[in-house]
Amino acid sequence: MAALAVECRLLARDPVFDEERDAGDDGLAASAQVASLPERSHRRLSAVAGVATFSLLLALVVAVTSESSGGDHGRAHMSSAVELATVEHSEATIAQALQQAAAEESEDKDCGIAELGDSCYFHVVWAMTKGIRRNPDWYPGLTPKSKFEDFQKHLAAFDSNSTCKMPCVIEGCWTATPGCECWNNVHWAMTTGIVEHPTWFPGLTKASPMENFQSHVHKQNSTVCPNLACNPQPFSTISLYCWAVVRSDGYEVDLVKAQVKKKAGMFACDAYVVVSDKDLGLAVDGVQTLTISTTKVTGYTAAGTSPNAPVFVEAMSKLREDGRYRQHDWVIKSDPDTVLLPDRLRMVLEPTQQPRNPYPPPYAPAPGAGLFVPNCDKQATWGTGWGANGLWPMMYGSIEMVSREALDNYFVKEESCKSSIQGWQKMGEDRYLGLCYRHLQAGELFLKQGDATCGGGSCGDGRFQAYHPFKSVDTWMQCWDQAMR
């Protein structure tokens with residue numbers, strides 16, 4: 001499908017400075033870079049592709065050079081070489097070459113995962129967060145969900161400017177995923193065990209990678225975790241599970257259908273689901289509807305908002321039953337009239353990119369309590385200091401962001417929240433959940449959003465991860481288009 005010839009384009013861009021050259025410059029730069037690839041990189045490719053097919057890649061260098069001096073003849077030469085290389089070098093061949101190269105370098109011990117601060121680290125992060133989305137054809141066989149290790153392996157083979165070496169191979173490794181028994185034990189060790197019993201985990205700290213915890217658990221109890229973990233991944237793109245409660249009558253259904261069609265807003269998240277009082281017929285587009293008894297609410301709260309906490313408590317119970325949220329890092333409730341920008345959100349939720357909280361709570365987060373995101377500090381009636389009226393700053397309901405750990409903890413201790421928050425049934429869901437997460441002493445990450453109630457923002461200002469409210473398809477799409485420019 002994708003050729004090794006296409007790979008040459010990767011070599012013609014500088015991810016550190018985020019520069020992209022035009023197509024002509026790409027070709028000339030690629031020819032120089034391929035010719036100067038380290039001798040071991042030539043061995044990697046030729047060992048698997050074979051001398052005959054590997055020569056096609058070198059022929060491409062000649063072809064590109066010919067184009068620069070030979071006009072139409074050179075272009076024809078290049079076109080022919082590209083066509084041949086495309087036939088001979090499939091994604092499977094590339095993957096096989098990379099795997100063999102990694103194994104060979106593991107034997108030589110000239111291998112390892114890049115660490116924060118390394119030049120390679122920044123090249124890999126650029127490729128994972130920007131390169132793959134802007135130019136996916138540079139990375140055959142990879143997706144935005146591919147691991148740091150796989151991107152590093154790719155750069156080590158094809159980009160001599162990256163300074164990356166091949167990751168080491170750990171034979172028989174397997175890294176646990178959310179939901180399995182091994183993961184549950186490792187997660188407890190990372191969040192609770194290391195805090196309450198640090199001597200049980202020699203050589204580990206709260207900042208140690210998940211993979212190191214898994215390998216420790218494996219050595220202590222191979223029944224619970226039958227495999228050593230694979231290489232620690234020093235960076236991973238944040239995975240978002242997005243959901244919305246959608247009323248089956250009124251404007252919200254049309255608004256959601258338009259977003260689904262364009263894969264925009266919450267439907268640009270890694271996974272998503274809608275909740276309503278009846279099936280909204282979105283399954284044909286890959287969107288499941290979880291059904292609850294009602295979405296109707298009558299009356300108002302003392303603040304003049306909808307007392308919809310019971311509706312959302314029932315909706316969240318459906319998320320719990322469904323369970324797919326546990327495969328993701330963050331769970332995002334986005335109202336249908338909220339313009340959510342998942343790519344921006346992933347970047348700011350990445351642990352090394354999270355801003356300092358200007359309103360820190362007066363306590364350390366409880367072990368295993370996770371994080372939630374207050375997003376509104378405007379309303380004077382809520383107070384002017386942390387926790388005033390139990391709310392300030394508030395997680396305003398147009399966009400509600402909680403980590404997977406925070407939602408897990410909520411489900412375990414939901415009854416504790418209900419019993420401690422008097423009259424929760426007559427509250428808005430944002431007030432109830434904000435009070436609940438503070439009752440559970442979850443960590444807080446303040447991220448102001450472009451909500452008109454909380455100070456607003458212009459869709460084209462580039463400042464926020466969400467904008468609200470936009471209640472017609474036209475205005476919603478206009479905001480989305482402005483924000484995506």
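## A tour of the disulfides, rings and a helix pair

Select C173 and C230 first: a disulfide joins them, with 2.0 Å from S to S. This is a predicted model. Look along the S-S bond of C173 and C230: the torsion is 90°, and the link is right-handed. C173 sits in the loop between α7 and α8, and C230 in the loop between α9 (210–220) and β1 (240–245), so the bond ties together parts 57 residues apart in sequence. Now check exposure. C173 is partly exposed, because its relative accessibility is 25%. C230 is buried, at 12%.

The structure holds 8 disulfides. Next, pick C120 and C164. Their sulfur atoms are 1.9 Å apart. The pair links distant parts of the chain: C120 is in helix α6 (residues 119–134), and C164 is in the loop between α7 (148–158) and α8 (181–196), 44 residues apart. The link of C120 and C164 is right-handed, with 100° about the S-S bond. Both C120 and C164 are buried.

Move on to C459 and C479. They form a disulfide, S to S 2.0 Å. The torsion about this S-S bond is about -100°, so the link of C459 and C479 is left-handed. C459 lies in the loop between β9 (450–451) and β10 (466–468), while C479 lies in helix α15 (residues 473–484), 20 residues away. C459 and C479 are both buried.

Which cysteine sulfur is nearest to that of C180? Select C182: its sulfur is 5.3 Å away, and C180 is in no disulfide. C180 is partly exposed, at 22% relative accessibility.

Now turn to the rings. The count comes to 20 aromatic pairs. Show Y121 and F122: they pair edge-to-face, 5.4 Å centre to centre, with 90° between the planes. Y121 is buried, at 4% relative accessible area, whereas F122 is partly exposed, at 44%.

Then show W424 and Y432. Their pair is tilted, 5.3 Å centre to centre, with 35° between the planes. W424 is buried, at 11%, and Y432 is buried too, at 1%. Widen the selection to Y325, F372, Y410, F411, W424, Y432 and Y437: together they form one aromatic cluster.

Last stop: helices α11 (residues 309–322) and α14 (residues 429–439). They pack at an angle of about 65°, and their axes are 8 Å apart. From α11, select A309, F312, V313 and M316; they meet E429, Y432, L433 and Y437 in α14. By class, this contact has 7 nonpolar residues, 1 charged and no polar ones. Y432 and Y437 are part of the aromatic cluster as well.

Notes:
Residues numbered from 1 in each chain as written. Predicted model: local features only at pLDDT ≥ 70, side-chain atom pairs only at ≥ 80, totals over all residues. Heavy atoms only, no water. Axes fitted to C-alpha atoms, helices over the stretch in contact; angles between N-to-C directions. Helix = DSSP H or I, 4+ residues; strand = E, 2+ residues; numbered from the N terminus. Contact = heavy atoms within 4.5 Å. Nonpolar A, V, L, I, M, F, W, Y, C, P; charged D, E, K, R; others polar. Phe/Tyr/Trp six-rings, centres within 6.5 Å; stacked < 30°, edge-to-face > 60°. Buried < 20%, exposed > 50% of the residue type's maximum accessible area, 1.4 Å probe, protein only. Disulfide = S-S within 2.5 Å.
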